[in-house]
Amino acid sequence: MVRKAKKKSLEQGQVTIYIIITVIAVVALIAFTIKMPNKAEFAQLEAEDYLSDAKADAKACLDDMLVNVLRDVGDSGRLEFKHPIQLFDGMVETFSIDGENLMPSSEELAQEASRQLDEEVTECIAQEWAERPQRFKTGLGTVKTKITFSETHAVVAAKIPLEVTEFGKSYTSEDFSSNIPLRFLTTYRTAETLAGLAQEDPTKIDPELLLSQPVHVTIKTISPTSYLYELSDEKSLIDGAPYLYRFAVSYTGEPR
């Protein structure tokens, strides 16, 4: 009986050893099968992560600069001045002088805003990259944006060519978009209506007509012959504040 018990115990020990050896073999096989990334592969992963961060920076720049540019358009009436009037808080474009209609179209304003946005996005990205550790060779091509105004939004489609290079391989991305819930067309059509009325006599606009407009209108005298129109849209919020659009009209002759 004792001999049988010893034999059984020996057999159980051998089975345990076999199990341990099998487990070690399986672990070794798994370790051998799973290839650890080499230096180039690690660099590729890091480059892709860096490009992902660069894309996030570019998108943030596009979002922020779109707000800035559209705010600038609203503050001054347009960005590429033809007939500016200097105010204490900046310049404002004149849309009517002695009855002459000088208003640009909304398409012209969108083009002006796009050109300004190209520059500001480029500067913003360059600043963001300057603040990051330069672990890789990076490149930024020519930024090109196109702003369009719908009934409810200001929308921008952008080409922002980003490139990160490592071990002779390039990782690129360039298509971006952004939008703001801004009723620019509604505001601008109101400006067209008011500028048209001002061509007759900027001093005599019916207050009831002002109240009937889809946006709030305020008219201020800025000189004996010049008037500032401020249009505020509570349904178009930028950073929580109503969108403000300003322009001026001038009338140097006798009121008609």
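What percentage of the 256 residues in the protein do buried residues make up? They make up 38%, where buried means under 20% relative accessible area with a 1.4 Å probe and protein chains only. This is a predicted model, in which local features need pLDDT of at least 70 and side-chain atom pairs count only at pLDDT 80 or more, while totals for chains, interfaces and linings use all residues. Residues are numbered from 1 along each chain as its sequence is written, and side-chain values use heavy atoms, with hydrogens and water left out.

Begin with the whole chain in cartoon view, where there are five helices and 10 strands, taken as DSSP runs (H or I of at least four residues for helices, E of at least two for strands) and numbered from the N terminus.

Next select L117, I160, F184, Y229, L231, Y245 and F247, which have the most contacts inside the largest nonpolar core, a set of 54 residues; such a core consists of buried Ala, Val, Leu, Ile, Met, Phe, Trp, Tyr and Cys residues joined through side-chain atoms within 4.5 Å. Elements giving two or more residues to this core include α3 (106-130), α4 (184-198) and β9 (226-238), but α2 gives the most, with 12 residues.

Centre on F184, which touches V73, L109, F149, Y243 and Y245, leaving aside residues up to four places away in sequence; contact here means heavy atoms within 4.5 Å.

From F149, move along β5, where T145, I147 and F149 point to one face and are buried, while K144, K146 and T148 point to the other and are not. Finally, add β6, which forms a hairpin with β5 with four residues between them, and find T145 opposite A158 in β6.

Terms used. Buried < 20%, exposed > 50% of the residue type's maximum accessible area, 1.4 Å probe, protein only. Pairing = 2+ DSSP bridges.
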